[in-house]
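Student: I would like a close look at one part of this structure, taken slowly and set in the context of the chain around it. Please walk me through what is there.

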Amino acid sequence: MKKKLILLFAVLALIAAACGGDDDSSDDGATTTAAPATTTEAPASGGDDVALRWMTRPDNPEEAAVYGEISDQLAASLGYDLTYEPGSNEGAGYQQTLLTNLSAGTAPDVFWIPGTEIADFAKRDVILDLRQFADATGHNDADFYEGPMAQLTTEIATGQPGNALWGLPRDVSTFGLYVNLDLIAEAGVANPLELEAAGEWDIAAFNEVVDGVAALGGEIKGYGQSAWWGPYGAWMNNAGGGFFTDDRTACALDSDASIAGLTALRDLYSGDAVIPYGEDPETPFRAGTVGMFQNGRWATPGIRTVDFNWDVVGLPSGSAGPGNWLFWGAYVVNANTADPEAAWNLVAALTAADIQAQISGLGANIPSRVSQDALDAFLTFTPPANNQAFLDGLANDPTTEGPLWAGSWPEFVTLMDSEIQAVVTGSRDIADFQANICSETSAAFGG
Amino acid sequence: MTAASVSSVSTNSGEPRWFLPLVVWRVFTAVLLAAALVATVIQRGIVVDGPVRLTLILALIGGLIGAGIAIRGTLQRVHLGRLSGFAIDFLLVVILGFIALNRMGMFTGLDAVGEAFNGNAALLLIIVVGWFVSGFAERAGGNQRNIKLIARWTMIAGAAILAVAMGIFPGLIEFASRLVRGEVVLFAIGAAVSAVFARLLWTDDAARFFGTNQAQSEAMDGMLFVAPNVLGFLAFFAGPLIVSAFISFTEWDGLTDATFVGFQNYIDLFSDSLFLKSLRNILVFGVVAIPLAVVPALLLAALLNSKLPGMKFFRAVYFLPSIAGVVGVTLIWKQLFNSTVGYLNYMILRVTEWFGAIFGATWEAPQPQWISDDSIALIAVIILFIWQQIGFNTVLFLAGMQGIDGTLYEAADIDGAGPWAKLRNITVPMLRPTTVFVVATTTILGLQLFNEPFILQSPSPPSGPNNSTLTPVIYLYQNAFSEFQIGYASAVAWALFVLIFGITLLYFRRSGEDGVLSS
């Protein structure tokens with residue numbers, strides 16, 4: 001009998017504590033919207049009884065902790081009961097968790113997705129068009145970078161930018177070249193930062209630095225990049241090419257410009273001055289054996305642990321100028337949220353300048369809002385001394401990462417990745433690639 | 001074991017008073033199940049959709065058949081009526097209770113339990129102090145009773161303070177308010193009524209009324225004992241398995257309605273070059289990796305089974321890789337495999353230089369690109385897999401060896417058999433049941449290869465250079481979570497299941513024919 005009483009007591013305590021937590025069944029919260037535009041402000045009235053869950057993928061544990069703090073901060077300012085979920089754990093990745101939750105109808109009210117997936121989610125009616133709520137709160141699309149907003153405002157029917165609003169970008173990023181200044185000095189080659197400042201940082205100068213550093217011999221290599229679509233795509237962008245036609249309705253991998261970029265990449269990898277294509281370049285760069293390493297801003301916190309002198313320089317100019325990527329992801333609202341108005345308020349608050357400044361203060365993200373305050377906060381995060389390199393990448397007409405509204409981006413990437421790798425590693429002739437790649441990837445466009 | 005007897009008040013006709021309410025309840029539950037079935041069939045898209053809906057329909061049909069049997073058995077007053085009725089009531093308690101708690105937001109609130117407990121964990125010290133005092137009382141002299149009393153009240157007070165600190169009073173008020181909210185109260189009442197009738201049917205009174213004999217009573221006890229496990233199996237294993245089988249016959253993205261496509265997904269598999277490539281990769285992997293994870297393990301076990309000093313230490317050392325986290329281990333191996341700064345190539349370099357120095361020659365050391373060269377990327381995965389598996393297999397063989405009758409070795413010694421002869425003629429034949437198990441489990445694990453290539457290749461695509469490390473599970477994952485092709489991914493899963501099941505069955509049948517399993 002005593003044991004039963006203790007058990008009952010424990011169950012009651014459990015129930016009590018649980019009830020003290022979240023109540024996802026709340027569906028009667030009436031809210032009105034305020035305009036959290038550049039800073040987070042409380043809604044004009046009535047945040048009571050609104051409970052929202054939101055999920056975004058942090059790049060590291062420190063960032064997860066900051067998101068948790070931001071959640072508490074916004075809960076206080078908006079008057080909502082907010083729960084932040086990092087989304088991934090030991091057993092499942094972010095994407096896996098999100099899709100499983102969406103399938104089961106248990107996805108959070110607000111969640112982050114990569115920019116390449118906006119179309120897939122919008123076309124399946126999984127996320128809400130937020131335009132009506134945005135208009136009611138004085139939101140201005142022009143407050144954010146144009147590239148992501150073009151994708152976020154794309155109409156499903158036309159596949160072109162219109163009056164829809166699928167979410168707001170959480171942050172943006174560009175590629176830069178992380179440079180081992182000690183190796184550069186030891187090799188006696190020109191400093192890429194000085195070359196860039198002098199306007200002489202082009203592919204030829206880049207190749208000279210690569211060869212010069214690799215000439216140090218042994219395990220020293222001049223350059224390294226990963227084998228996913230971003231790094232090789234940057235070479236095509238540099239040459240004025242790209243994956244798709246301008247209206248993103250067809251493959252452009254076979255264009256002369258794309259092929260020129262790919263040829264430059266293949267030539268670079270035909271020698272042994274670089275980390276072999278497909279090998280992880282970050283480990284040897286951090287070990288101090290690589291002169292230059294291409295990666296996005298998200299790599300900065302990890303690179304800060306190295307014990308040699310380093311900085312960041314922009315990508316070298318190709319025939320079409322200093323091409324780059326504009327990477328981004330967006331906060332979107334679950335189509336099944338009980339309170340879309342409050343969810344929009346949360347999205348707006350999460351992308352407000354002061355919140356973005358907090359996140360970018362950790363060094364892994366560039367604010368998505370075109371706000372000098374947010375950019376100033378980003379620039380204070382040193383090293384690297386040359387944070388401006390990432391912002392220059394934004395200013396130099398980068399190609400915006402984005403979905404295929406008239407096709408399947410994941411399918412396209414799966415088909416493209418292995419063929420590009422085959423070209424770069426020399427197992428496929430580039431002329432054959434140019435002749436056939438667009439017909440090989442036509443399935444991704446429904447062909 | 002049956003519950004304590006509950007006094008029964010019979011009516012004049014000899015029926016207990018609960019009989020009529022029981023019949024009414026039986027009919028009511030059947031009508032409810034029928035209504036739920038009809039609603040699920042016709043109200044498409046209202047509550048749940050897609051494969052989940054079909055599963056629900058099948059479950060409701062099963063429930064309705066069960067309810068029919070229960071009504072008939074109850075009216076006939078036979079044990080089957082009691083058994084099926086009890087089963088239905090028991091399931092209703094679990095299902096309706098679960099739904100009620102879910103609707104109340106209790107499961108998402110469980111996070112708060114941890115937080116509330118962590119925030120007040122220091123109060124547990126009061127209970128711990130009471131517990132220590134209670135232990136001290138055992139050694140005390142005359143005041144033992146008083147000390148025990150003080151200890152007990154200290155513990156009770158500690159628990160009470162902890163509960164209050166965790167918010168038991170506002171929590172209970174909140175609980176009560178949620179309990180009466182909307183449909184929750186209906187589910188809760190349903191669960192409570194089901195619990196009452198389940199309890200009623202569990203009594204000796206009911207057992208007598210329905211003519212339950214001793215064996216049947218014990219069988220019911222047994223069923224109740226295994227019920228949590230069976231329910232868990234149905235909910236988390238069999239259920240998803242059936243759902244995934246159904247999904248494999250659909251075109252479904254996991255987000256919108258599924259379209260039934262019959263065997264089309266399976267037909268497409270045969271012309272899917274990537275799937276065929278993944279199959280080829282996994283078969284090559286299996287042919288190379290499985291023998292190399294088993295045979296050396298046998299030899300290692302024979303070595304570790306010797307009476308040499310330090311063997312216990314080495315047993316632990318060899319077992320370590322199998323208990324280490326696969327992600328951490330793979331990340332370490334990824335660094336070892338790095339072609340420019342990895343220790344593996346460094347070792348090759350040094351060894352080559354050393355041999356070169358011995359022979360007075362200058363040899364160029366091969367520096368394999370373990371991860372990025374499509375001709376050897378799978379070998380890197382095989383090395384990692386063998387390293388992980390060999391220790392575990394060694395321990396299994398070791399356990400098998402220690403079960404071999406020592407007199408066999410003594411007899412062999414008398415006959416003048418050497419170590420090799422004893423291993424070949426005694427150990428290996430006697431270990432055949434263990435070998436069957438080791439080979440089967442290694443095969444199953446090997447064919448499900450996922451984590452190792454996935455992590456080794458990151459941040460590059462997990463399929464590796466020229467898809468050389470693409471495995472069926474990676475392909476399944478890519479289809480399901482990158483390309484939103486859950487239906488096709490399920491077909492891949494079932495094709496892989498058939499492959500694994502076929503190989504394992506073949507192996508067991510061969511072993512059975514050899515009499516290994518019976519031995």
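**A buried strand and its surroundings**

Tutor: In chain A, 54% of the 447 residues count as buried, and since this is a predicted model, that figure, like those that follow, describes computed coordinates. Chain A holds 19 helices and eleven strands, and among its contacts with a separation of 6 or more, 74% are between residues 24 or more positions apart.

The part I would single out is strand β1 of chain A, residues 51-55. Five of its five residues are buried, so the strand is largely enclosed by the rest of the structure. The burial applies to both faces of β1(A), with A:A51, A:R53 and A:M55 on one side and A:L52 and A:W54 on the other. A charged residue by class, A:R53, is thus among the buried residues of this strand. As for its partner, β1(A) runs parallel to strand β2 of chain A, residues 81-85, and five bridges join the two; within that pairing, A:L52 has A:L82 as its bridge partner in β2(A).

A:L52 also leads from the strand into the nonpolar core. The largest such core has 181 residues, and A:L52, A:A330, A:L346 and A:V347 are the members that touch the most others. If we take A:L346 and leave aside residues up to four places away in sequence, its contacts are A:L52, A:W54, A:L74, A:L78, A:Y80 and A:V110, and two of these names, A:L52 and A:W54, belong to one side of β1(A). A second core, separate from this one, has 30 residues, including B:L83, B:V93, B:L96 and B:F210. In soluble globular proteins, nonpolar side chains tend to be buried together.

Stepping back to the domains, the assignment for chain A gives domain 1 as 48-174 + 325-400 and domain 2 as 190-323 + 407-445, with C-alpha centres that lie 28 Å apart. Their contact takes 23 residues from domain 1 of chain A and 22 residues from domain 2 of chain A. On the domain 1 side, β9 (325-333) and α17 (388-395) of chain A each supply at least two residues, and the largest share, four residues, comes from α17(A). By class, that side of domain 1 divides into ten nonpolar, eleven polar and two charged residues.

Chain A also meets chain B, in a contact that takes 48 residues from each of the two chains. On the side of chain A that touches chain B, the elements giving two or more residues are α1 (2-19), α3 (94-104), α12 (282-286) and α18 (409-424) of chain A, and α1(A) gives the most, with nine residues. That side has 21 nonpolar, 16 polar and eleven charged residues.

Chain B itself has 22 helices and two strands, and 33% of its 519 residues count as buried. Its radius of gyration is 32 Å, where a compact globule of 519 residues would have one near 24 Å, and its C-alpha atoms fill a box of roughly 110 × 80 × 55 Å along the principal axes. The chain is divided into domain 1 (19-104 + 182-247), domain 2 (115-179) and domain 3 (266-513), and the C-alpha centres of domain 1 of chain B and domain 2 of chain B lie 39 Å apart.

Methods: Residues are numbered from 1 along each chain as its sequence is written. Chains are lettered from A and ligands numbered from 1 in the order in which they are written. This is a predicted model: local features need pLDDT of at least 70, side-chain atom pairs count only at pLDDT 80 or more; totals for chains, interfaces and linings use all residues. A nonpolar core is a set of buried Ala, Val, Leu, Ile, Met, Phe, Trp, Tyr and Cys residues joined through C-beta atoms within 7 Å. A residue is buried if 20 or more other C-beta atoms lie within 10 Å of its own, exposed if 12 or fewer, and partly exposed in between; C-beta atoms are placed from the backbone. Two residues are in contact if their C-beta atoms, placed from the backbone, lie within 7 Å. Domain bounds come from an automatic or database domain assignment. The radius of gyration is taken over C-alpha atoms; the globule rule is 2.2 Å times the number of residues to the power 0.38. Two strands pair if DSSP finds at least two bridges between them.
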